[in-house]
Amino acid sequence: MTKDEAFKKYIKKVYHLMVLLFALFVATAGVLVYYTINPSFFELKPEPRTVYTEPIEADEDRIENGIHVRTGLIDAEGLMLVVNNCTNCHSAKLVTQNRMTKERWNATIQWMQETQNLWDLGRNQEVIVNYLVTNYPPVSKGRRMALTDIDWYELEN
Amino acid sequence: MKRRDFVKKSTLSSFAALIGAELVFGSKMLEGYKPLALQDTDPYKLFKKNPNMVVLNDKPWNIEAKAHLLDDAITPNSSMFIRNNGLLPDNLDAESWTLTIDGESVAQEKTYTLQDLKSKFKHYTYQLVIECGGNGRAEFDPPAKGNQWTVGAVHCASWTGVRLRDVLKDAGIKNNAVYIGYHAVDKHLSLDPNKEPISRGCPMHKALQNETLLAFKMNGEAIPMVHGYPLRLVAGGWPASVSGKWINRISIRNQVHDGPKMTGSAYRVPCESVAPGEKVSDEDMCIIESMPVKSLITYPKSGAIIKTGNTLNIRGHAWAGELEVAKMDYSIDFGSTWHSCTVEKPANRLAWQHFAAAITFPKNGYYEVWARATDSNGVSQPMVLPGWNPKGYLNNACHRIAVKVK
């Protein structure tokens, strides 16, 4: 081994040492920086997290206080026929807003069949229409009703 | 274990539990993104509406205002009613949006990008009353079919766009043109892709009016999605259904347009008046054009209790379809005597007009303040319901509020 070679080896060793020191320095700095940003990282146990899983609606046709919860329809004979035939395309709110006689419901069903892709209701139609006229009968309003549900409040001038 | 990953995974698994299915590629989901199935279905947040608006129907969405929510001179989005015949369209992209002018009576079928419309034609801004043909339906007896609107299916916003006339003329209108019919991208309730939920229009004379716009701005901003972004036809003074939303095609027709909700009994009233509840065949029903004279007391809210001797200042808006409101009166004795209100000129043709009055009451008690507008032809609002019609349109009976003096 020449003197030259020994010197080169020595330089290499010093170089490696320097690289190692530098790497350690960078790593420590990195850890410190991360610690300032996220101190909880160094807690040994991760805080216990409960994954809360909401049970999927067990009974989607639940009835509460005589009302079919999902649609708001009154629980009475023919309810599920109405739910299954009348709330696919539109909301039950469109049904319950409307107060019609048998004749006009039948005409409305025919209109839905002719223009809105409603299927043939067969013998169920009578049960459905009976449900509607029994539970959502037309209310007589005359030519002008009295004001109702007035929410009274003091008006300061 | 990286904490963030842990959190993300646990959130994903709880999402999955909620939806009842595994989220494939869930790990590639953007941070902070909520799967569509879990997005807000609260209509007030979704459409940025005042929490006192009333949801009449949630499929399709139909939401109305109350009189006191319409107090602004120019209606803000938060108080504008929502009327839909079908389901809201998805993936509305203004960048790639086009409008095609076609039909039997177009000289040359032509397609414009939204950018073409904006750069090629002059812009105009008008305040325009848009009222649902069925506003007030809830009062009809026997009840009429459809959403049971009370008083709040009306608004007057400021619309900016290009004149429909300029665009139609650019494409060329043949001499035999009779009507225009719009087409849009909303979806039919049955999800049948071959069905349009609604495709209405108006006669050429209305289409060619100065104020009939292809609008891309509402109250100075892009039109909200539910009100027709990115392009809406706006025809003030006519049933709101003429002002088609999400428009991508307008046909110049050589006949009265026959799209869905133009025919049958939709947006039609008996050509000759009928007794309440009378059956009317389709051929005896005529298309509604200009809306009738009407007004709303927007301040105070019904139910005000005032002190003896205090003056009650009322205000509101009045409109008259194609016409102007010439006179505005109020009564506190159920129409026995009428007193005049001040009424302003409209900001432009087809805008609503603001009225006001200062009322003193002779003694304590329960009162109703009734408001009655009269149009430029001398026609006034009725105090009772106007002529019954099978679909319950055009109820322009006087609006009233309850007041107590004590």
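**Close-up views of chains A and B**

**View 1. The end of helix α4 in chain A.** In this predicted model, Asn117(A) adopts a positive phi of about 65°. Asn117(A) sits just after α4(A). The helix itself runs over residues 102-115 and has 14 residues. From first C-alpha to last, α4(A) reaches 20 Å, close to the 20 Å expected at 1.5 Å a residue.

**View 2. The two faces of α4(A).** Four residues of this helix are buried: Trp105(A), Thr108(A), Ile109(A) and Met112(A). They lie on the same side of α4(A), because they cover an arc of only 100° around the axis. An α-helix has 3.6 residues a turn, so residues three or four places apart point the same way. The buried residues of α4(A) pack against α3 (92-97) and α5 (124-135) of chain A. On the face turned away from the buried side, Glu103(A) and Glu114(A) are exposed.

**View 3. The largest nonpolar core.** This core has 57 residues. Those with the most contacts inside it include Leu99(B), Val167(B), Leu214(B) and Ile250(B). Helix α4 (residues 164-171) of chain B gives the largest share, four residues. Domain 2 (77-287) and domain 3 (294-405) of chain B each supply at least three residues.

**View 4. The surroundings of Ile250(B).** Neighbours within four places in sequence are left aside here. Ile250(B) is in contact with Leu99(B), Thr100(B), Ile101(B) and Asp102(B), among others. Its contacts also include Leu164(B), Leu168(B), Ile180(B), Gly181(B), Tyr182(B) and Leu214(B).

**View 5. Another core.** Apart from the largest core lies another, of 25 residues. Among them are Val293(B), Leu312(B), Ala320(B) and Phe355(B).

Technical notes: Residues numbered from 1 in each chain as written. Chains lettered and ligands numbered in written order. Predicted model: local features only at pLDDT ≥ 70, side-chain atom pairs only at ≥ 80, totals over all residues. Heavy atoms only, no water. Core = buried A, V, L, I, M, F, W, Y, C linked by side-chain atoms within 4.5 Å. Buried < 20%, exposed > 50% of the residue type's maximum accessible area, 1.4 Å probe, protein only. Helix = DSSP H or I, 4+ residues; strand = E, 2+ residues; numbered from the N terminus. Domains from an automatic or database assignment. Contact = heavy atoms within 4.5 Å. Expected span 1.5 Å × (residues − 1). Arc of directions from axis to C-beta.
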